Amino acid sequence: MSEDMIPLGINDPMEFGCGAENPCFNECCRDLNQALTPYDILRMKKALKISSHSFLREYTSMHIGPETGLPVVEFKPNPATGHACPFVTEKGCSVYEDRPGSCRLYPLARAIARDRATGEIREYFALIKEDHCKGFGKKEGRTVGKWLEGQHVGDHNRQNDKLMELISLKNQIMPGRLEGAESDIFYLALYNLDEFRDKIQNQGLLKDLVLPRDFAEKIAADDTALLDFGIAWVKHRLFGRELRF
Ligand code: SF4
Ligand code: SF4
């Protein structure tokens with residue numbers, strides 16, 4: 001598969017159109033090798049009304065990054081379907097409203113860097129031109145920014161940026177490979193949120209911490225608040241950062 005990356009600015013024209021009328025419809029949902037973020041999993045398991053544990057077991061596989069020791073979660077490969085996504089159907093994506101951030105961005109790739117002077121996050125985009133995708137060249141009068149708005153990718157980007165910040169902290173403080181128990185902490189607190197909640201509520205995971213009552217109620221009811229707490233707890237447990245409620 002040939003692939004080109006073309007840098008684009010937020011105000012550049014996005015000459016691209018995707019839909020069932022394209023001969024390549026659904027082709028981008030096959031032959032997957034797609035890492036899923038904690039927020040991707042949160043959204044899809046909620047949409048399917050199943051626990052994170054069930055979602056991870058049913059739909060994903062996990063391996064440990066050989067150099068980082070970080071867990072890498074992907075859709076479970078299924079050779080019988082040509083490694084198609086478990087959620088692709090003839091009519092398109094069956095979890096469309098809750099599809100992963102990378103599916104929303106495609107055919108764009110997004111990278112971020114924090115400005116050292118202001119602390120602001122800067123975004124960089126590139127168009128990924130792959131042979132199978134036939135949506136290029138459609139002049140629909142949209143800029144990259146307008147196209148991104150239509151993908152409703154803001155919540156995913158905000159949450160995924162928190163993950164990138166955590167990984168950047170890990171790389172500064174522990175540039176080598178995490179130990180097995182440390183990888184387990186990452187996986188539990190970020191990817192397996194319902195198990196993390198159960199360990200907090202019923203198995204004394206945080207017995208040495210006094211959680212303010214309103215905070216305990218918030219993370220009991222709100223998965224996104226629990227994920228934010230999971231990121232903060234990993235920073236505290238593994239990298240010595242202060243935990244604030
Ligand atoms: S989640 Fe939806 S959009 Fe993403 S690869 Fe699967 S079917 Fe395609
Ligand atoms: S291959 Fe490209 S144009 Fe075709 S359905 Fe996927 S994103 Fe849309």
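**Close-up views of a predicted model**

**View 1. Asn-26, a buried residue in a loop.** In this predicted model, Asn-26 counts as buried because its relative accessibility is 8%, under the 20% limit. The residue sits in the loop between E1 and E2, and although Asn-26 is not a glycine, its phi is positive, at about 80°. Asn-26 is also listed among the residues around ligand 2, which are the subject of the third view.

**View 2. Asn-22 and its contacts.** Asn-22 is placed in the loop between strand E1 (3-8) and strand E2 (35-36). With a relative accessible area of 6%, Asn-22 is buried. When neighbours within four places in sequence are set aside, the residues in contact with Asn-22 are Gly-17, Lys-134, Gly-135 and Lys-138. One of these contacts, Gly-135, belongs with Asn-22 itself to the residues around ligand 2.

**View 3. The shell around ligand 2.** The residues around ligand 2 are Phe-16, Cys-18, Asn-22, Cys-24, Phe-25, Asn-26, Cys-28, Tyr-106, His-132, Cys-133 and Gly-135. By class, this shell divides into 7 nonpolar and 4 polar residues, with no charged residue. Two of its cysteines can be described by their accessibility: Cys-24 is buried, with a relative accessible area of 10%, whereas Cys-28, at 36% relative accessibility, counts as partly exposed. Several cysteines appear in this shell, including Cys-18 and Cys-133, yet the structure holds 0 disulfides.

**View 4. The shell around ligand 1.** Ligand 1 is surrounded by Cys-29, Gln-34, Cys-85, Phe-87, Val-88, Cys-93, Val-95, Pro-100 and Cys-103. Here the division is into 8 nonpolar residues and 1 polar residue, and again no charged residue is present. The cysteines of this shell, among them Cys-29 and Cys-85, likewise belong to a structure with 0 disulfides.

**View 5. Ala-84 and the residues it touches.** Ala-84 lies in the loop that runs between strand E4 (71-75) and strand E5 (88-89), and at 9% relative accessibility Ala-84 counts as buried. Leaving out residues up to four places away in sequence, Ala-84 touches Cys-29, Arg-30, Asp-31, Leu-32 and Asn-78. Of these, Cys-29 is one of the residues surrounding ligand 1. Although Ala-84 and Cys-28 are 56 residues apart along the chain, their C-alpha atoms are separated by 9.0 Å.

**View 6. The cis peptide bond before Pro-107.** Tyr-106 and Pro-107 are joined by a cis peptide bond, with an omega of about 10°. Pro-107 is located in the loop between helix H3 (101-105) and strand E7 (108-114), while Tyr-106 is one of the residues around ligand 2.

**View 7. His-152, an exposed loop residue.** His-152 is found in the loop between helix H4 (144-151) and helix H5 (154-173). Its phi is positive, at about 50°, although His-152 is not a glycine. His-152 has a relative accessible area of 60% and is therefore exposed, the limit being over 50%.

**View 8. The chain that frames the close-ups.** The chain contains 9 helices and 8 strands, and its C-alpha atoms fill a box of roughly 60 × 50 × 35 Å along the principal axes. Its radius of gyration of 19 Å agrees with the value near 18 Å that a compact globule of 245 residues would have. Buried residues account for 41% of the 245 residues. Of the contacts between residues at least 6 apart in sequence, 71% join residues at least 24 apart.

Key:
Residues numbered from 1 in each chain as written. Chains lettered and ligands numbered in written order. Predicted model: local features only at pLDDT ≥ 70, side-chain atom pairs only at ≥ 80, totals over all residues. Heavy atoms only, no water. Near = heavy atom within 4 Å. Nonpolar A, V, L, I, M, F, W, Y, C, P; charged D, E, K, R; others polar. Disulfide = S-S within 2.5 Å. Buried < 20%, exposed > 50% of the residue type's maximum accessible area, 1.4 Å probe, protein only. Helix = DSSP H or I, 4+ residues; strand = E, 2+ residues; numbered from the N terminus. Rg over C-alpha atoms; globule rule 2.2 N^0.38 Å. Contact = heavy atoms within 4.5 Å.
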